[in-house]
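User: Please choose one part of this model and describe it closely, following its backbone and its neighbours before placing it in the whole. I would like one connected account rather than a list.

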Amino acid sequence: MSEPGGMTPQLRDLMPYRRRLADVMRQPATSVDADAPLVAAAQMMTAENIGALLVRRHDQVVGILTERDLTRALAQHGAASASLSADAVMTAQIVSLPADSLLFRAIGRMRRLNLRYLPVTDGRGAYIGMVSARALLRQRAAEAQSVADAIEAATTAEELGAARASLPALCRMLLEEKLEPVEIAAVISGIYSDITARAAALVEQHMAPAPAPWCLLMLGSGGRGESLLVPDQDNAIIHAGSSEDDGWYARAGTELSDLLNAAGIPYCKGGVMAMNTAWRGAQGQWRARVTEWVRRHSAEALLNVDIFFDLQPIHGERRLGENLRREALAAARASPLFLRLLAEQAAQIHPAIGLFGRLREKAGLIDLKLGGLLPLVSAARCMALKLGLTETGTQARLRAAAARGLIETADLEGLLQAHDLILRLLLRQQFNAIAAGTAPGSSLPLDQLPRQDRARLKAALRHLELLPDMVQNVLTAPATA
């Protein structure tokens, strides 16, 4: 099975959301006396093949000493560091987690704080073990592969659908564990990508060999790594053959869509699927198609931009998709008129907040996709096209623009917080709808929104009102910005 492109997580990465620190920690946690010389501490680490020690004084843990601390002391004090005591160079502020914590919490915390070692505690707060970043990586690379194998071994729509059906429960767990909404969406996207790639492989297996190398592309929210619990099929095919080879790819696209639909990922209502002629073609056909979109400046062309420019290769000859993305980005960036029209269209998508800060609703519902996500996603995409960014994720695009000095730090934080809040509210709404046996959507009942969340949502949507000015700032910035 081919790897999805970009930063979208793979299904095999879900093991950290199922296992706990107690399963992988090294125990007991080795300790050293606070007044022990560093040379003795280093010898203990070498003898036990470990990279961190708890530091104790009178049976009380007062810090943690890591190989990084030893290296820092050597750099600062040279040979004299050998006579320093452990408590002189230890890290006094200990970051730890309980043994029943899921692995993803440890991975996220260690990544965020740049930690290599994490002490583990029992229910009373006593230190009972230690986990290293290396051990967590080994866990993901070895045991987590069994989850990927379940998808890769699937041979029927029912088996693929089992992974799709697990998403609501997984979403609930991740929400309860307070994982960042954008990361939850990335996990969901990763599952959709893996299912789609596996479905493509199954289609290939019972067909004659392809006339030429080909690549399956994931478009839209799936390409951005921002899918929620309401999936559809936004995909396309590019191949290295000619237009005369279309019959094979037409059949492959049709069988792919049928298999995905049977697995619980329904047909795209807008027809953005490789089963339709407009969404498959040879390299030259795609170049001509993109050129027409960029030059024609029509409403239909702009709609295609919304779907197409978030593409990620997920199966087959990835270089075909990557080359197409580079060429498409270059074509869009080279057309100031196209970018201006795209910005004007984005500016017409208004946040769901009206005069006097009132939330805009219809029949008691507020559409957080149309009035929340869409303005933000469209603005970030427009900025990315102008800057020639390869990032497809909304937050990654915004951060890249800010790194070039085109978005103020305060504005960036406001946009990121708005994106997080809207994603979280949508994920909760969709999970609750599924749990209640109703169809999930993008509209949120206002009477079910707690007062605190309503206040936060108003602040977030007001911040989105600044997007048109931010986009114009990026579009008019010097080319070297």
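Analyst: **Strand β5 and its surroundings**

Asn 114 lies in the loop that leads from helix α5 (103-113) to strand β5, where helices (H or I, at least four residues) and strands (E, at least two) are DSSP runs numbered from the N terminus. The model is a predicted one, in which local features need pLDDT of at least 70 and side-chain atom pairs count only at pLDDT 80 or more, while totals for chains, interfaces and linings use all residues. Residues are numbered from 1 along each chain as its sequence is written, and side-chain values use heavy atoms, with hydrogens and water left out.

The backbone of Asn 114 has a positive phi of about 60°, although this residue is not a glycine. Most residues other than glycine have a negative phi, and most peptide bonds are trans.

Beyond this loop comes β5 itself, made of residues 117-121, which belongs to an open sheet of 3 strands in the order β4-β5-β6, with mixed pairing. The strands β4 (97-98) and β6 (127-132) stand at the edges of this sheet, and each has a single partner strand, so one side of each is left without a neighbour in the sheet. Two strands pair here if DSSP finds at least two bridges between them.

On one side, β5 runs parallel to β4, and 2 bridges join these two strands. Pro 98 has Thr 121 of β5 as its bridge partner. On the other side, β5 runs antiparallel to β6 and is joined to it by 5 bridges. Along this antiparallel pair, Leu 118 stands opposite Val 131 in β6, while Val 120 has Gly 129 in β6 as its bridge partner. The same two strands, β5 and β6, form a hairpin with 5 residues between them, and in its turn Gly 125 has a positive phi of about 90°.

The side chains of β5 can be sorted by direction: Tyr 117, Pro 119 and Thr 121 point one way, Leu 118 and Val 120 point the other way, and all are buried, meaning under 20% relative accessible area, with exposed over 50% and partly exposed in between (1.4 Å probe, protein chains only). In a regular strand the side chains alternate between the two faces of the sheet. The strand is accordingly described as mostly covered, with 5 of its 5 residues buried.

Two further backbone features, outside this sheet, may be set beside those of Asn 114 and Gly 125. Asn 49 has a positive phi of about 55° and is not a glycine; Asn 49 is placed in the loop between α2 (38-48) and β2 (52-57). At 67% relative accessibility, Asn 49 counts as exposed. A cis peptide bond, with omega of about -5°, joins Gln 27 and Pro 28, and Pro 28 lies in the loop between α1 (21-24) and β1 (31-33).

A buried position in a helix offers another point of reference. Leu 464 is found in helix α20 (residues 451-464) and, at 1% relative accessibility, counts as buried. Leaving aside residues up to four places away in sequence, Leu 464 touches Pro 351, Gly 372, Leu 376, Leu 415, Ala 418 and Ile 422, a contact meaning heavy atoms within 4.5 Å. From Asp 245, by contrast, Leu 464 is separated by 219 residues in sequence and by 46 Å in space, C-alpha to C-alpha.

In the protein as a whole there are 21 helices and 12 strands, and 51% of the 481 residues count as buried. Among contacts between residues at least 6 apart in sequence, 70% join residues at least 24 apart. The C-alpha trace spans about 75 × 60 × 50 Å along the principal axes of the protein.
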